Amino acid sequence: MNLKAKIWWLAGGLLSVYIAATCFVTVNEHEYAVITQFGRPVKTITEAGLAVKLPNPVQAVTPLEKRVQMLRLEPSEYSTRDRRNIVVDNYVVWRIVDPVVFLTSTRTTEIAQQRLNTITNSQVGAMLASYPLDSILNVDSEQNQLDKLFQQVSERVDKVSRQELGIEVLAVRAVKFGYSPRNLKAIYDRMSSEWERLSKQYRAQGHEEAEKIRARTEQEIAELKSTAYRDSQIIKGNSEARAAELYSQAFESHQEFFEFVRTMEAYKAVLDNNSRLVLPSDSDLFEQLVNPKLDVKDES
């Protein structure tokens with residue numbers, strides 16, 4: 001074999017190796033494989049395994065991710081129906097469902113994410129503009145429309161993404177809500193005014209309740225005093241009646257003694273320490289002072 005023949009055999013061997021290396025495609029479980037012929041998609045392989053195509057550069061293969069992916073969007077400012085500006089941080093859960101549309105419309109994953117970002121921001125802004133802020137940020141589960149809002153956003157973004165990008169959007173959700181920095185001062189001032197109004201309202205209600213309690217207490221005190229005075233007067237009257245009864249009984253049993261006591265009390269009231277009394281010896285008073293008749297019965 002001459003040299004020329006050897007060269008041809010060597011070239012043929014290298015060409016055979018190149019064809020063998022570029023004609024077989026290995027598709028992984030988590031990938032699609034799109035075979036293009038001079039840049040035009042001609043076949044899509046969705047199952048994992050070994051496939052055959054024409055050698056490069058006639059046909060080329062582009063692997064695409066089949067698994068679910070998550071795109072975190074940059075925080076954006078939106079306006080609600082009642083003209084409140086809020087900043088929302090969103091994320092999108094998506095996956096490729098039409099590899100041909102995806103490849104022809106975006107070419108790369110980075111471009112697909114940029115277009116998905118634009119579509120999502122547009123739909124989120126449109127939906128937020130149709131809801132008031134109170135229906136979005138509300139602790140009452142019956143009035144809170146946040147889940148409904150993002151469910152509608154997910155459906156709209158999914159519809160557009162399927163048609164334009166070959167992407168299925170599984171969910172669009174918000175990670176965080178916030179107010180625009182330029183509105184924070186006004187919001188804090190409004191919150192301060194609201195809390196100040198509530199504090200005044202609670203103080204007024206407290207004073208009103210205190211006045212009611214005070215009035216009720218004073219009324220109870222007055223009623224207790226009245227009852228106590230009435231009871232004391234009844235007790236006092238009964239005591240005086242009993243004392244008069246005892247006094248009468250004592251007077252009846254010791255009449256002379258009480259006459260003597262009454263006489264002494266009358267003279268004590270009429271005479272003072274500087275008075276001088278001159279009595280005839282046959283007067284009753286003289287007789288009482290000199291020879292008192294104290295016929296006291298011993299009842300013991």
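## Tour: Gln59 and the packing of helix H2

Start by selecting Gln59, which, leaving aside neighbours within four places in sequence, is in contact with Ile35, Thr36, Gln37, Val42, Lys53 and Leu54. The model on screen is predicted. Gln59 lies in strand S5, residues 59-65. Its relative accessibility is 10%, and because buried means under 20%, Gln59 counts as buried. Now add Gln37 and show both side chains: a polar contact of 3.0 Å joins Gln59 and Gln37.

Next, move to the helices. Select H2, residues 99-106, together with H3, residues 109-128. Their axes are 9 Å apart, and the packing angle is about 90 degrees. H2 and H3 are therefore roughly perpendicular to each other. To see the contact, display Phe102, Ser105 and Thr106 on the H2 side, then Thr109, Ile111, Ala112 and Arg115 on the H3 side. Coloured by class, the residues of this H2 contact with H3 split into three nonpolar, three polar and one charged.

Keep H2 selected and replace H3 with H5, residues 146-165. Here the axes of H2 and H5 come within 7 Å and cross at roughly 75 degrees. H2 and H5 are therefore roughly perpendicular to each other. The residues to show in H2 are Val101, Phe102, Ser105 and Thr106, which meet Gln163, Glu164 and Leu165 in H5. By class, the contact of H2 with H5 has three nonpolar, three polar and one charged residues.

As a last view, show H2 with both partners. Phe102, Ser105 and Thr106 of H2 take part in the contact with H3, and Phe102, Ser105 and Thr106 also meet residues of H5.

Key: Residues are numbered from 1 along each chain as its sequence is written. This is a predicted model: local features need pLDDT of at least 70, side-chain atom pairs count only at pLDDT 80 or more; totals for chains, interfaces and linings use all residues. Side-chain values use heavy atoms; hydrogens and water are left out. Axes are lines fitted to C-alpha atoms, for helices over the stretch in contact, and angles run from 0 to 180 degrees between N-to-C directions. Helices (H or I, at least four residues) and strands (E, at least two) are DSSP runs, numbered from the N terminus. Angles under 35 degrees count as roughly parallel, over 145 as roughly antiparallel, 65 to 115 as roughly perpendicular and the rest as oblique. Contact means heavy atoms within 4.5 Å. Ala, Val, Leu, Ile, Met, Phe, Trp, Tyr, Cys and Pro count as nonpolar, Asp, Glu, Lys and Arg as charged, and the others, Gly among them, as polar. Buried means under 20% relative accessible area, exposed over 50%, partly exposed in between (1.4 Å probe, protein chains only). A polar contact is a pair of N or O atoms within 3.5 Å; within protein, one must be able to donate a hydrogen and the other to accept it, and residues adjacent in sequence count only if both atoms are side-chain atoms.
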